[in-house]
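Here are my notes on the model you sent over. I have kept them to numbered points so you can go through them with the structure open.

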Amino acid sequence: MKYTSTLMTQLAALGAALLFSSAAAGITQEITAVFVPDPSNPAINKFKNTTPVSTICANHMPARCAAMGIFSLRAPEFAADAIAPILANHTDPRQGVMYRVPSEWRNLTVTHVATGETQSVELRIAGVGTNWAMPRPPGVSAWAAPGVSWQSRWTTAPAPCTSSGFLVADTSAAAFLWLVPVGAGACSRFPSVDIRWFRLRQLEYAYEIRTPNPLQMSSGTYTGSTTFSMGPHADFDFGDVMIPAQSTITFNFTLEVNHLLKVEIPPGGRRIELVPQGGWQAWLNQGRKPVRLFRDQTFNISSSSRFKMRLECQYSDGNTCALRDRTSAQLVPVNTSVSLPFGLTDEAGQPISRRPLRLDGNDTELFQPGLYVDRKPGTLHFEITKENVEQILNQGVAKTYSGDVTVIWDSEV
């Protein structure tokens with residue numbers, strides 16, 4: 001049991017008459033989460049909840065909240081007053097102090113503010129508590145039972161709720177929080193003596209969220225909301241005697257996705273020279289025509305986002321790039337393909353090995369990470385095939401073929 005003068009003053013104030021509008025207003029809560037890839041944990045790809053937490057998970061049980069994956073929020077504007085006395089030892093939970101919250105999972109849609117792309121988020125309420133106040137006499141002792149202290153009846157939650165261990169109190173007021181398992185029903189307490197009036201203020205609750213896989217989302221901002229009803233037989237139900245001043249509670253979600261797509265070409269890697277296997281010596285010394293001319297150029301890629309790849313060419317030949325002879329203007333096609341590191345696949349989940357890159361982008365329109373790839377090596381393959389090599393060499397004239405081949409990694413998928 002913990003007592004503090006600050007909380008005693010705060011809770012005692014709840015015993016004073018509080019006025020609020022008879023018009024049913026709504027409560028609004030903002031939930032924010034951010035995804036930024038973490039090179040130190042590339043296999044962990046989840047949103048980080050950036051919503052400020054309230055007292056329970058911030059100070060009372062932070063480790064337990066983290067282990068359970070729950071967060072706490074506070075609605076200081078919440079108010080509910082009894083419209084009738086709460087009778088001693090009543091048998092109908094709805095005639096006293098009752099808490100039933102939407103503990104089952106609820107889906108909501110978040111939408112990319114620029115593209116309209118949608119994803120699904122899940123939310124459930126995982127704990128509930130309030131500040132309450134009552135007249136004295138009888139004061140808090142009204143909640144005692146034979147052989148059971150009044151404090152234990154609020155620190156120990158009634159089934160189906162479970163205990164958080166949180167309770168602060170004075171002689172006529174208290175603040176508490178009970179945890180609520182998935183799909184749990186109502187949790188209630190009844191006094192041992194009649195209570196003339198009873199007030200609830202400052203709703204505090206725990207919630208749990210399931211966010212989508214950020215690796216399958218576009219960079220940018222996603223927003224969405226869901227609204228729960230409040231009142232008798234509503235989503236947030238405090239029984240038939242405790243009537244809330246608010247009729248709804250709305251959760252506004254904002255998810256920020258900050259992807260990384262970075263490609264690093266080593267020094268000198270932007271100038272490609274196509275040569276035979278083993279160099280030109282076999283041709284120069286023995287007249288053996290090379291089978292092909294090629295160059296494999298490595299690069300490092302960091303990616304947490306979907307992307308596509310395509311070509312742009314200074315000279316083109318059909319659906320691929322070409323090199324051009326300076327003198328004759330003859331074009332020779334150069335095939336370009338890509339191999340990507342483990343963790344990057346195509347839309348069908350297939351690894352990327354020597355996947356041809358084409359001007360129309362066909363078959364390279366979607367590559368996606370299964371995990372955050374951090375500075376892993378990939379390869380660009382450039383090749384002039386045998387028939388085109390023979391065409392060049394059969395002419396028996398020294399020529400120089402050149403051209404710009406631009407490889408594009410594009411995260412705008």
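A quick definition before the points: a residue counts as buried when its relative accessible area is under 20%, as exposed when that value is over 50%, and as partly exposed in between. Keep in mind, too, that this is a predicted model.

1. Let's start with the overall build. The chain has six helices and 25 strands. Its radius of gyration is 34 Å, well over the 22 Å that the globule rule gives for 413 residues, so the chain is more spread out than a compact globule. The C-alpha trace says something similar in another way, spanning about 110 × 40 × 35 Å along its principal axes.

2. On packing, 45% of the 413 residues count as buried. If you take the contacts with a separation of 6 or more, 75% of them are between residues 24 or more positions apart.

3. Now the surface and the charges. The accessible surface of the chain is about 19,600 Å², and carbon and sulfur atoms contribute 51% of that. There are 35 positive side chains against 34 negative ones, with the centres of the two sets 5 Å apart.

4. How many disulfides turn up in a search of the whole structure? The search gives three. For the bonded cysteines, numbered in sequence order, the pairing reads 1-2, 3-4, 5-6.

5. Take Cys57 and Cys65, which are joined by a disulfide with an S to S distance of 2.1 Å. This link is left-handed, with -75° about the S-S bond. Both ends fall below the 20% cut-off: Cys57 counts as buried because its relative accessibility is 8%, and Cys65 counts as buried because its value is 3%.

6. Next, Cys161 and Cys187, with an S to S distance of 1.9 Å. The torsion about their S-S bond is about 95°, so this disulfide is right-handed. Cys161 sits in the loop between helix 4 (152–155) and strand 7 (162–169), while Cys187 belongs to strand 9 (residues 187–189), so the pair ties together parts that are 26 residues apart in sequence. Cys161 and Cys187 are both buried.

7. The remaining disulfide is between Cys313 and Cys321, whose sulfur atoms are 1.8 Å apart. It is left-handed, with -75° about the S-S bond. Is Cys321 buried or exposed? Cys321 is buried, because its relative accessible area is 0%. Its partner Cys313 counts as partly exposed, because its relative accessibility is 25%.

8. Some backbone details deserve a look. Most residues other than glycine have a negative phi, and most peptide bonds are trans. Against that background, the peptide bond from Arg136 to Pro137 is cis, with omega near 5°, and the bond from Pro137 to Pro138 is cis as well, with omega near 5°. Pro137 is in the loop between strand 6 (118–133) and helix 4, and Pro138 is in the loop between strand 6 and helix 4 too.

9. Last, two positive phi values in residues other than glycine. Gln202 has a phi near 55° and lies in strand 10 (residues 199–210); it counts as buried because its relative accessibility is 14%. Ala329 has a phi near 65° and is found in the loop between strand 18 (320–325) and strand 19 (331–339). Ala329 counts as partly exposed, because its relative accessibility is 32%.

Conventions: Residues numbered from 1 in each chain as written. Predicted model: local features only at pLDDT ≥ 70, side-chain atom pairs only at ≥ 80, totals over all residues. Heavy atoms only, no water. Disulfide = S-S within 2.5 Å. Buried < 20%, exposed > 50% of the residue type's maximum accessible area, 1.4 Å probe, protein only. Helix = DSSP H or I, 4+ residues; strand = E, 2+ residues; numbered from the N terminus. Rg over C-alpha atoms; globule rule 2.2 N^0.38 Å. Contact = heavy atoms within 4.5 Å. Areas by Shrake-Rupley, 256 points an atom, 1.4 Å probe, with all protein chains shown as cover. Lys, Arg positive; Asp, Glu negative; His and termini not counted. Charge placed at Lys NZ, Arg CZ, Asp CG, Glu CD.
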